[in-house]
Amino acid sequence: MATDNLNIPEITKKDFQVDNEIKWCAGCGSFAILNSVINVLPKLGVKKEDVCFVSGIGCSSRFPYYIKTYGFHGLHGRAAAIASGVKVANPNLNVWQITGDGDCMAIGGNHFIHLLRRNININILLLNNKIYGLTKGQYSPTTPKGSKTKTSPDGTIEEAFKPGELAIGAGAHFFARVTDTDQKLMQDAFYQGAMHKGASFTEILENCVIFNNAAHADITEKDLKDDHTIYLQHGEKMIFGSERDKGLVLDGLKLKVVKIGEDGYTMEDVLVHDATCEDTTLHYMLARMARPEFPLALGVIRNYQGTSYDELLQAQFDDARKNSPIKTMDQLMNSGAVFEN
Amino acid sequence: MKKKSTKVVQLEEVVVKFAGDSGDGMQLTGSQFSDTSAVAGHDLATFPDYPAEIRAPQGTVAGVSGFQVHIGHKDVHTSGDLADVLVAMNPAALMANMRWVKPGATIIIDIDNFDNKSYKKAGYTEDPLGDGSLEGYNVVKAPITALTRATLADMDLNIKTVDKTKNQFALGLLYWLFNRELDVAFDFLAKKFKDKPDLIIANQKVLKAGYHYAETIEALETTYYIPPTSDKKGKFRNITGNQAVAWGLMAAAEKANLDLFLGSYPITPASEILQELSKRKHMRVKTFQAEDEIAGICSAIGASYTGVLAATSTSGPGLALKGEAIGLAVMTELPLVIVNVQRGGPATGLPTKPEQSDLMQALYGRNGESPVVVMAASSPANCFDYAFMASKIALERMVPVILLTDGYLANGSELWPVPAMKDLPEIKVPFATPNDPDYQPYKRDPKTLARQWAIPGMEGLRHRVGGLEKADITGEVSHNAINHEKMSHYREEKVQRVADMIPELTVYGDPEADLLVVGWGGTHGAILSAVEDLQDDGKSIAMTHFNYIKPLPKNTAEVFSKYKKIVVCENNLGQFANYLRSQHPQFNYIQFNKIQGLPFMVFELKEKFIQILQEN
């Protein structure tokens, strides 16, 4: 593994910056996301040549052209399948999948759930701006119900996917949610996701300045975000609010927002976030929390370290190589039922 | 029981068909008989005939499973037109197979299953044993079920297990009929049931009982002897087309010193390729059973990007789903082998039946100008050679290659002379050199037009590939009009230059005969048999057969120009004939097409050729 190699030359974010022009719209959230990724890569202990970015189609999927690594700009929806082939064929590579809400949740939904189910060690970044940008403004599977877009002039009548809910349902071991306005939050989630062995899935709530501007303002605006979001940290109490006086408690089988010190609730009652447990019940509820009843959960919501596809495959490989006396084609072709005339 | 006196007749070749309910073990019986024939030194070809349903209702025609084996003293090219011996375990098996039996053939039936109830299930309105329809055939009415049960009466086995050994009784009959030693079958059973000693004894006892029964009854007075082949010396194994494809890919990977990756989704009749390679982790083979056909090929493209030999296997409907991704491999100019085991179509079509109707799809079934190399194997065993060559072309020329086989080649088997790896051609992979300051992703070898393969992990060569049009040399995204035209020509020309590395067309027979028979792919054996027969009869006929379709062999027009009449035979409505018309329009192509989900019969080809020869 590259991470075991002590001779990795020192690298910085400059090693990943491209000279060519970046063609996202001015003010697009993708710039900040790219910057976060470039800041995280030098910290991973991998050689710059061992990093590989794979994407599908859409605005976000232009990402590989704007980062100086090996990169594969694939087909619409198919990045997960291409990335799976890259990682399975060469497990030494540090593989990232960049995708958008149309690419990942609509045309690529099938590959997405299967990548998570298999738990291949790939870092998936979903740039979720809740709109089709590259095709100029149609609703996506994450567009809130009722939204008026070019293809829903009377408002959408479809329920929106909650990507975290879908991911955990598909067996994801790692799920984080961040906003494109918070560098620290992004870098922390990207780093933890990259260190996680197995598939990691991070949803980035991204602003599209052209077709869905301020879609996330309710949670990213300075005066709103503290009361409208909760930043979950492993081992820490689930508290939030500009006064840090609100918390999440369990009320029967449901989550509930309480004010600490009111209605008999004390700090003792507030839940402590355990991202690493195998059981998905609480992670699922946290991922589902929606405004206005609840704050939107941000940070690493689930980080359960199981066994990755890569490790299991390698183990089967090593066993097969060790146990079979047949190592070459000549041996194979002359084994078993051979008739000699 | 006392032994009768029998006479032995020497035969050049014989076709035997085993047929029964899909649970009757006919595939196993057929394989056992084939293996024994191989040990006896015969050339052979086999073809299993499965129903599309796994266990259709017992006793119905839909549930009949068959296995045909053609064995001979001389070269055997096909699994045979019509059977000399039919084993029919029930009336449905008889009903389904009577039209594939030679006049006067020996028909062995399990008389215990021939009653009014079974006739009805099989769709007979009259008793076939009494209505005269079997007049002229040598019908052996063997009480197979009763004698099997009697043979195992002293063993403590339940009736279901006992009845499952009936196939060995039938096999015993055949062993006697063809003067076979029982040892090979005994060894086979001992291996197959090695953890179940009871079943070894039971099956061996029933096999022997069948053999002795045949020795005793009056209906079988003659046994047959087929002398061993004299011209095939060396080591052989019986191999199916699907296994040969899998091994050909593995051989290419070993030759190129690369790992092999197969990304695939199960589909009839291609699944055995995925299954065979799944067993080969010890040979540096990785298989990825994807969630769908698209993921199958996309994972293979991803794997190819990392520098392994990558392949995907499928059948017609799957090839349709892979179309967009094949275009991606064309655009990224990565090596990829796409194996398409053709079946009857369109849509789900005839999943278990062979056809050659994906040719146009392979050539043109994609968006944009999307040239790939298209080739076709023509016998179960040469699936190995063409899978090897498909890999060599893909790797050396950095190009996707579609290898066409079909359900007939895939499931059929024949004796294959085991090659030595040292005799297979070298594969030189155009890897880039790490830290090469002159590396450019789309710089081409001036001779082959192949670009270099720089793979993740190589220092100093980080670059991006993708489905957007790429600028010549640099590989940057380009929407430039002139560049697109230039790159379109490069991609086409790169495929055309593969003609430099493939063999020229050869002609079998008189280079200036009255009629040239043209075929491609899986029809080779039947066409060759028909042409050989007619040549023996003194007819002025020659044949040529295509394994390389895009590009065509360089001397194609030259070969065609020598003949007044050209007939193109194929199992579709004329796709190759139309392709030839587009490539070499100066010739007149007569068509002979059959699209019944069945291979050509030798006799029907002969009839057609004679008719064409007689026309002015």
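What share of the contacts in chain A with a separation of 6 or more is accounted for by residues 24 or more positions apart? In this predicted model, such residues account for 67% of those contacts. The briefing below takes up the dimensions of chain A, one of its sheets, the nonpolar cores, and the side of chain A that touches chain B.

**Overall form of chain A**

- Eleven helices and twelve strands are found in chain A, and buried residues make up 46% of its 341 residues.
- The radius of gyration of chain A is 22 Å, which agrees with the value near 20 Å that a compact globule of 341 residues would have.
- Along its principal axes, the C-alpha trace of chain A extends over about 90 × 50 × 45 Å.

**An open sheet in chain A**

- Three strands of chain A, in the order S8-S9-S10, form an open sheet with antiparallel pairing, and its edge strands, each of which pairs on one side only, are S8 (239-240) and S10 (254-259) of chain A.
- Strand S9 of chain A (residues 246-251) pairs with S8(A) in the antiparallel sense over two bridges, and A:Lys246 in S9(A) is the bridge partner of A:Phe240.

**Nonpolar cores**

- In soluble globular proteins, nonpolar side chains tend to be buried together.
- The largest nonpolar core holds 259 residues, and those with the most contacts inside it are B:Leu249, B:Ile301, B:Leu309, B:Val401, B:Leu403 and B:Val517.
- When its neighbours within four places in sequence are left aside, B:Leu309 is in contact with eight named residues, namely B:Leu249, B:Ala252, B:Ala253, B:Ala256, B:Leu258, B:Leu260, B:Ser391 and B:Leu395.
- A second core, separate from the largest one, has five residues, among them A:Ile131, A:Tyr132, A:Tyr139 and A:Cys208.

**Where chain A meets chain B**

- Contacts between the two chains involve 47 residues of chain A and 54 residues of chain B.
- On the side of chain A that touches chain B, the elements giving two or more residues are the strands S1 (51-55), S2 (70-73) and S12 (339-340) together with the helices H2 (79-89), H4 (109-118), H10 (309-323) and H11 (329-333), which belong to chain A.
- Helix H2(A) gives the most to this side of chain A, with eight residues, and by class the side comprises 23 nonpolar, 16 polar and eight charged residues.
- Strand pairing also links the chains, since S12(A) and strand S9 of chain B (residues 235-240) pair in the antiparallel sense over two bridges, with A:Phe339 standing opposite B:Phe236 in S9(B).

Conventions: Residues are numbered from 1 along each chain as its sequence is written. Chains are lettered from A and ligands numbered from 1 in the order in which they are written. This is a predicted model: local features need pLDDT of at least 70, side-chain atom pairs count only at pLDDT 80 or more; totals for chains, interfaces and linings use all residues. Two strands pair if DSSP finds at least two bridges between them. Helices (H or I, at least four residues) and strands (E, at least two) are DSSP runs, numbered from the N terminus. The radius of gyration is taken over C-alpha atoms; the globule rule is 2.2 Å times the number of residues to the power 0.38. A residue is buried if 20 or more other C-beta atoms lie within 10 Å of its own, exposed if 12 or fewer, and partly exposed in between; C-beta atoms are placed from the backbone. Two residues are in contact if their C-beta atoms, placed from the backbone, lie within 7 Å. A nonpolar core is a set of buried Ala, Val, Leu, Ile, Met, Phe, Trp, Tyr and Cys residues joined through C-beta atoms within 7 Å. Ala, Val, Leu, Ile, Met, Phe, Trp, Tyr, Cys and Pro count as nonpolar, Asp, Glu, Lys and Arg as charged, and the others, Gly among them, as polar.
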